[in-house]
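User: Please take a close look at one part of this model, the metal site. I would like the coordination first, then the fold around it.

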Amino acid sequence: MTALTLSTSSAATVRADAVVVGAAKGAKGVVVAPGAEAVDKAFGGKLAAVLETLGASGAEGEVTKLPAADGIKAPVVLAVGLGDAPAKGDAYDHEALRRGAGTAARALTGSRKAAFALPLEDAEAAAAVSEGALLGAYSFTAFRSNGTGKNAKKNDARSAPLGEAAILGAKPRDKEHKAAAERAQTLAAEINRARDLINTPSNALDPKSFAAEAQAAAKEFGLKVEVLDEKALTKGGYGGLMGVGQGSEAPPRLVRIAHTHPKAEKTLALVGKGITYDSGGISLKPAGHNETMKCDMSGAAAVFAAVVTAARLGLEVNVTGWLALAENMPSGSATRPGDVLTMYSGKTVEVLNTDAEGRLVLADALTRASEESPDAIVDVATLTGAMVLALGHRHFGIMANDDAFRASVQEIAEEVGEESWPMPMPSHLRKGMDSPVADIANMGERMGGGLVAGLFLKEFVGEGIPWAHLDIAGPAFHEGSPWGYTPKGGTGSAVRTLVRLAERTAAGDLG
Ligand code: BES
Ligand code: MN
Ligand code: ZN
């Protein structure tokens with residue numbers, strides 16, 4: 001990963017391939033954002049005018065590269081658009097800084113070192129710039145013959161990610177700044193780990209190898225891990241996980257990976273949907289709907305990354321991750337539409353559509369997680385196409401059995417710069433899942449399909465446990481062009497929200 005340093009150098013004297021400055025949209029045209037004073041001075045105080053002449057407007061995502069003026073050691077200045085300038089006296093929005101740093105890092109692919117001279121009011125702003133740079137510099141090359149992975153032959157320096165991001169204006173000797181930078185580095189590394197897992201094709205990542213990744217990380221960072229294999233799952237009565245996984249040559253796994261802290265007063269359970277490939281099963285998805293379904297384990301990847309982050313940060317809270325891993329395939333041994341499964345909870349489910357598999361594996365994991373009576377449960381899943389139709393590709397939907405908890409989760413998501421929206425759980429939709437043969441069917445009304453899925457999950461959450469469900473089907477996997485710090489492919493959606501939730505729980509900020 002890109003190295004991160006906090007530097008006390010001035011933007012004029014720092015040794016780097018490029019200096020990154022911020023350009024914002026002011027009332028009367030481009031304004032150069034604070035942090036770049038020394039650069040502006042080298043341009044005779046006319047940097048904003050120079051940028052405007054070059055066609056810049058300060059719009060979000062805009063990149064203007066120009067040769068540095070005399071007096072600046074770095075040969076290139078890169079001005080990145082930050083969007084609307086804040087009102088006088090207000091600080092720049094942290095998410096705007098995160099996106100700007102990400103855009104700049106992407107535009108500096110192939111460079112060894114870039115110095116970021118962006119407006120840093122406080123340690124949190126420094127963390128946002130650090131996160132943006134490290135996330136924006138991400139690239140996935142493990143499966144390119146000229147990449148950096150196992151199949152690497154030679155590495156093309158021009159396409160290598162930015163080597164080092166030096167953050168100017170942060171205070172390297174200040175405890176708060178140092179901690180913020182270390183947190184940003186750990187968080188970005190783990191988000192990038194989640195992205196790697198999501199981007200890994202399903203012929204290279206199945207439930208067994210995913211579980212092995214969890215075991216390796218647990219060993220490295222001192223977490224406790226247990227893996228239930230197909231024998232243990234059968235014996236334990238995990239009908240949801242087995243029912244979904246039984247059509248595949250690669251059998252399911254349930255992973256429990258736990259961070260504990262001796263001073264912890266609270267326990268958070270995180271449950272992730274980990275379908276390493278979703279073909280739809282016997283209710284096969286048509287072509288056009290299955291090409292990106294390696295991403296259907298994004299929830300498990302997010303939970304995994306969040307638990308490891310909690311351990312690496314030594315948070316004073318217990319965080320237990322449950323990874324519900326299975327591959328959904330059609331075959332002679334696959335579950336058929338109409339089959340009835342007996343779930344881990346004892347409830348029976350009529351499987352009307354084998355493509356509604358996420359809720360089946362999650363249900364078992366939710367029941368199992370509830371047995372340990374955690375203080376709260378959050379599940380994360382690429383659960384429904386309906387949520388993508390409702391909210392688009394940037395927001396995840398949040399449902400919950402507790403209004404206050406849902407509001408807290410949304411507020412936390414907003415705070416860390418993840419877009420989300422609250423969704424209702426209308427109880428009248430439950431009757432659509434009535435089954436003539438079993439306790440419940442795995443499908444109901446088509447309209448409001450994301451809410452129906454949430455209502456299904458709710459029935460498997462232990463009585464009295466606050467629970468939230470994040471449907472990340474929209475933001476988990478990005479098919480368009482990269483933007484901000486968001487690359488093509490796996491995004492690591494929800495990791496930042498889960499980590500901040502763990503931190504808030506540790507601090508006793510949540511009920
Ligand atoms: N993994 C899909 C949901 C999905 C769709 C994720 C698009 C990411 C992008 C899920 O398993 C699924 O197939 N859901 C069905 C449920 C339906 C059969 C009730 C859906 O949303 O169509
Ligand atoms: Mn499906
Ligand atoms: Zn799925």
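Analyst: First, a criterion. Six donors count as octahedral if opposite donors are over 155 degrees apart and all others between 65 and 115; a six-donor set outside these limits is irregular. For reference, the ideal angles for six octahedral donors are 90 or 180 degrees. The model is predicted.

Start with the zinc ion (ligand 3). Its protein donors are Lys 273 (NZ), Asp 278 (OD), Asp 296 (OD) and Glu 357 (OE). They lie 2.0 to 2.4 Å from the zinc ion. The 6 donor atoms around the zinc ion subtend angles of 78 to 173°, so the arrangement is octahedral. Along the chain, the zinc donor residues follow the spacing K-x4-D-x17-D-x60-E. Lys 273 is buried, at a relative accessible area of 1%.

Now the manganese ion (ligand 2). Asp 278 (OD), Asp 355 (O), Asp 355 (OD) and Glu 357 (OE) coordinate the manganese ion at 2.1 to 2.2 Å. Asp 355 thus appears with both O and OD. Here too there are 6 donor atoms, but their angles of 70 to 169° make the arrangement irregular. The spacing of the manganese donors in sequence is D-x76-D-x1-E. Asp 278 lies in strand β10 (residues 267-278), while Glu 357 sits in the loop between β13 (348-350) and α10 (358-370), so the pair ties together parts that are 79 residues apart in sequence.

What links the two metals? Asp 278 bridges the manganese ion (ligand 2) and the zinc ion (ligand 3). The two ions are 3.1 Å apart. Asp 278 counts as buried, with 3% relative accessibility. Glu 357 is listed as a donor for zinc and for manganese. Glu 357 is buried as well, at 0%.

Next, the fold. Strand β10 belongs to an open sheet of 8 strands with mixed pairing, in the order β8-β9-β11-β10-β14-β18-β15-β16. In that order, β10 stands between β11 and β14. The edge strands are β8 (224-228) and β16 (420-422), each paired on one side only. On average, neighbouring strands are turned by 20° against each other, direction ignored. At one edge, β8 runs antiparallel to β9 (residues 253-259), joined by 5 bridges. Lys 224 has Ala 258 in β9 as its bridge partner.

Two helices complete the view. Helix α13 (residues 449-458) lies across β14 (376-381), β15 (396-400) and β18 (467-471), at about 145° to β18. Helix α14 (residues 495-506) packs on the sheet and touches β10, β11 (318-328), β14, β15 and β18. The direction of α14 makes about 165° with that of β10, the strand that holds Asp 278.

Note on methods: Residues numbered from 1 in each chain as written. Chains lettered and ligands numbered in written order. Predicted model: local features only at pLDDT ≥ 70, side-chain atom pairs only at ≥ 80, totals over all residues. Heavy atoms only, no water. Donors = N, O, S within 2.8 Å, 3.2 Å for Na, K, Ca; no water. Tetrahedral: all angles 85-135°; square planar, octahedral: opposite > 155°, others 65-115°. Helix = DSSP H or I, 4+ residues; strand = E, 2+ residues; numbered from the N terminus. Buried < 20%, exposed > 50% of the residue type's maximum accessible area, 1.4 Å probe, protein only. Pairing = 2+ DSSP bridges. Axes fitted to C-alpha atoms, helices over the stretch in contact; angles between N-to-C directions. Contact = heavy atoms within 4.5 Å.
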